[in-house]
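Open the model in your viewer and keep the sequence panel visible. The stops below go from the whole chain to a hairpin and then to a single residue.

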Amino acid sequence: VAGATTITFDLTGYGGVGSFHSYQSPGLTLETFGAVHSNGVITSTARLGQWSTGLGIQSNNDYSHLVDGDGPDEMVLFAFSQAVSLERVSFSYFDSADDAEIATYSFDGQTTTLTELKSNIDILTDQCSGSCNNRSNDYGFTDVASLDLGESLVFGVGSNHWSDQFKINSVTVRYQTPVSNTPPAVPLPAGIWLLLGGLGGLAAVSRFRRNQSA
């Protein structure tokens with residue numbers, strides 16, 4: 001017998017810029033990655049930064065701390081250890097003109113493929129200094145549950161226009177949890193890493209971290 005649990009992952013911190021960032025909660029693991037996309041289809045990987053105000057991306061000589069479309073469209077990928085429904089995404093460093101794309105991907109253990117893309121998703125004001133002008137204390141959110149994306153192992157949140165820019169400071173998900181003696185969900189394979197595939201998919205290479213530490 002299973003029940004539903006809702007959990008919010010706080011994505012803020014001081015991890016700096018790297019290949020990925022990991023988060024743990026009882027029964028659920030999240031790994032985040034940076035990418036460049038075209039209408040939701042991943043075209044290359046990118047460096048993912050973690051700061052006190054959330055996650056941002058640096059790609060193709062774009063050294064800003066933001067997920068933006070100034071140059072290539074950037075995206076943060078969220079890979080979970082079991083299927084979840086995405087309920088809410090919270091943002092910082094945004095203004096009233098910014099919006100987001102939210103993508104759903106299927107994952108068969110080897111490749112990740114785009115299955116659905118929602119574009120031009122408004123970021124609603126939660127807390128802003130002045131009129132939301134891309135300041136560090138400008139916070140907003142999107143209630144994703146209303147988009148009816150269903151459950152998935154992998155989601156993406158990104159920019160789709162040159163004027164879009166923001167950081168992502170939390171995600172809230174809902175997932176099924178055991179209420180009996182059923183073992184908890186198995187975490188993601190150690191060091192799962194999403195790499196660009198030849199046909200727009202992403203290959204999962206589970207030995208990445210192990211090789212890095214050898």
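Two strands count as paired if DSSP finds at least two bridges between them, and a strand here is a DSSP run of at least two residues, numbered from the N terminus. This is a predicted model.

Start with the whole protein chain, coloured by secondary structure. The chain has 16 strands and 1 helix. Of its 214 residues, 49% count as buried. The accessible surface is about 9,800 Å², and carbon and sulfur atoms contribute 49% of that area. Now show contacts between residues at least 6 apart in sequence: 70% of them join residues at least 24 apart.

Next, select residues 20-25, strand E3, together with residues 28-38, strand E4. The two strands run antiparallel and are joined by 6 bridges. At the turn end, pick Ser 25; its bridge partner in E4 is Leu 28. Between the strands of this hairpin lie 2 residues. Select Gly 27 and check its backbone: phi is positive, near 85 degrees.

Move on to strand E14, residues 165-178, and select Asn 169 within it. Is Asn 169 buried or exposed? Its relative accessible area is 10%, so Asn 169 is buried, the cut-off being under 20%.

What is in contact with Asn 169, leaving aside its neighbours within four places in sequence? Display Phe 9, Asp 10, Leu 11 and Thr 12, then Thr 53 and Gly 54, then Ser 90, Phe 91 and Ser 92, and finally Tyr 139. For a last step, draw a C-alpha to C-alpha distance from Asn 169 to Gly 54: the two are 3.9 Å apart in space and 115 residues apart in sequence.

Notes: Residues numbered from 1 in each chain as written. Predicted model: local features only at pLDDT ≥ 70, side-chain atom pairs only at ≥ 80, totals over all residues. Heavy atoms only, no water. Helix = DSSP H or I, 4+ residues; strand = E, 2+ residues; numbered from the N terminus. Buried < 20%, exposed > 50% of the residue type's maximum accessible area, 1.4 Å probe, protein only. Contact = heavy atoms within 4.5 Å. Areas by Shrake-Rupley, 256 points an atom, 1.4 Å probe, with all protein chains shown as cover.
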